[in-house]
Amino acid sequence: MVDITFCRSEDRRLDRTGLHYRSMSSTWTLPDDLQAPTIVPEFPASGEPLPRHWSLCFGCGDDQPSGIQMTFVVGDGASVVGRFEVARRYQGGPGVIHGGILGTAFDEAQGMACRSVALAVVTAHLEIDFARPIPLDSTLEITAKVDGTVRRKVYTSAEARIVAGPGADPDVVVGTSRGLFLVIDQTHFEKVKSMVDAVPAAAGTAAEASSF
Ligand SMILES: CCCCCCCCCCCCCC(=O)SCCNC(=O)CCNC(=O)[C@H](O)C(C)(C)COP(=O)(O)OP(=O)(O)OC[C@H]1O[C@@H](n2cnc3c(N)ncnc32)[C@H](O)[C@@H]1OP(=O)(O)O
């Protein structure tokens, strides 16, 4: 069964309230056999911080100075709330965020939301609507949730809002994303984990990579 299909772009603009899409740019649909998320016991309670999954991750790692270093707290149910500062080095068009950085933030946030239902996942499919320009020096908040699962498949969605700095308005959605993640086990990174940072890793680092 094909869960995700694509079509020609339709009207993808936000309505006058800035809160709702008139329609999405693809025919992303959730499958009929979608199961409600079952939250794993390891997932922290609502309001608690959700630790980074890997110190060298470009999205959340605090040992990755070139990364966006997102931080997370657990939201309601199978959801997370992530934040990061839109640093000037993330510039795409003049004065605004590069689209790939917003994509990174959605990927990271939706992946972290998957931790509510599984230990580890990778992205299989991600699609984004860029609704408003996002100024440099703003603080972006991404709310991401698991919509449901089908076997190893985890269906997610997310919204971005500017919550501080230039353009801040927590009522306006500046971007949305939908993504499919696949639950993986420890064997997934087996072939590459000894090459952390593309060079043979020290034993301790390789061991940490084994737990992502
Ligand atoms: C880095 C992360 C570590 C983890 C920490 C957690 C934290 C989070 C934060 C991290 C955030 C950052 C995260 C990152 O950035 S992760 C980095 C980016 N992602 C990757 O590198 C993944 C590369 N791809 C793969 O390794 C494989 O393709 C995977 C593992 C995804 C699937 O290969 P696998 O052999 O395992 O599975 P399968 O092919 O039997 O398919 C199984 C089912 O899935 C369906 N399907 C598959 N692909 C697609 C698709 N594109 N659209 C629609 N459906 C798709 C397929 O039809 C089938 O459905 P069904 O027949 O069952 O109905």
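Begin by selecting Arg 151, which is exposed, with 9 other C-beta atoms within 10 Å. A residue counts as exposed if 12 or fewer other C-beta atoms lie within 10 Å of its own, as buried if 20 or more do, and as partly exposed in between, with C-beta atoms placed from the backbone. This is a predicted model, in which local features need pLDDT of at least 70 and side-chain atom pairs count only at pLDDT 80 or more, while totals for chains, interfaces and linings use all residues. Residues are numbered from 1 along each chain as its sequence is written.

**The turn at Arg 151**

Arg 151 lies in the loop between β4 and β5. Helices (H or I, at least four residues) and strands (E, at least two) are DSSP runs, numbered from the N terminus. Although Arg 151 is not a glycine, its phi is positive, at about 50 degrees. The two strands on either side form a hairpin with two residues between them.

Now select β4 and β5 together. The two run antiparallel and are joined by 11 bridges; two strands are said to pair if DSSP finds at least two bridges between them. Two positions help to follow this pairing: Thr 149 stands opposite Val 154 in β5, and the bridge partner of Thr 139 is Ala 164, also in β5.

**The sheet**

Next, add β6, residues 175–183, which pairs with β5 in the antiparallel sense over eight bridges. Here Lys 153 stands opposite Leu 182 in β6.

Then show every strand. Six strands form an open sheet in the order β1-β2-β4-β5-β6-β3, with antiparallel pairing. Because β1 and β3 stand at the edges with a single partner strand each, one side of each is left without a neighbour in the sheet. On average, neighbouring strands of this sheet are turned by 25 degrees against each other, direction ignored. For such angles, axes are lines fitted to C-alpha atoms, for helices over the stretch in contact, and angles run from 0 to 180 degrees between N-to-C directions.

**The helix on the sheet**

Select α1, residues 99–114. This helix packs on the sheet, touching β1, β2, β3, β4, β5 and β6, and its direction makes about 130 degrees with that of β3. Its 16 residues should span 22 Å at 1.5 Å a residue, and the end C-alpha atoms are 23 Å apart, which agrees. The expected span is 1.5 Å times one less than the number of residues.

How many of the 16 residues of α1 are buried? The count is 12, and the helix is mostly covered. Among them are Ile 101, Leu 102, Phe 106 and Met 112.

Centre the view on Ala 105. Leaving aside its neighbours within four places in sequence, Ala 105 is in contact with Ile 68, Met 70, Gly 82, Phe 84, Leu 140 and Ile 142. Contact requires C-beta atoms, placed from the backbone, to lie within 7 Å.

**The nonpolar core**

Which residues touch the most other members of the largest nonpolar core? Val 80, Ala 105 and Ala 109 do so, in a core of 38 residues. Such a core is a set of buried Ala, Val, Leu, Ile, Met, Phe, Trp, Tyr and Cys residues joined through C-beta atoms within 7 Å. Two or more residues each come from β1 (71–74), β2 (79–85), α1 (99–114), β3 (121–130), β4 (139–150) and β5 (153–164). The largest share, eight residues, comes from α1.

**Two loop residues**

Select Arg 115, whose place is in the loop between α1 and β3. Is Arg 115 buried or exposed? Arg 115 counts as buried, with 24 C-beta neighbours inside 10 Å. Not counting residues up to four places away in sequence, Arg 115 touches Phe 43 and Leu 50. The C-alpha atoms of Arg 115 and Pro 41 are separated by 10 Å, while these residues are 74 residues apart along the chain.

Asp 137 is in the loop between β3 and β4. Asp 137 has a positive phi of about 75 degrees although it is not a glycine. With 13 C-beta neighbours inside 10 Å, Asp 137 counts as partly exposed.

**The whole chain**

Finally, display the full chain. There are two helices and six strands, following the pattern β-β-α-β-β-β-β-α along the sequence. Of the 212 residues, 28% count as buried.

To end, select residues 95–161, which UniProt lists for "domain: Thioesterase" in an unreviewed entry. UniProt positions are given in the numbering used here, feature names are shortened, and annotations may be inferred rather than shown by experiment. This span is 24% helix and 46% strand, and its end C-alpha atoms lie 17 Å apart.

Notes. Two residues are in contact if their C-beta atoms, placed from the backbone, lie within 7 Å.
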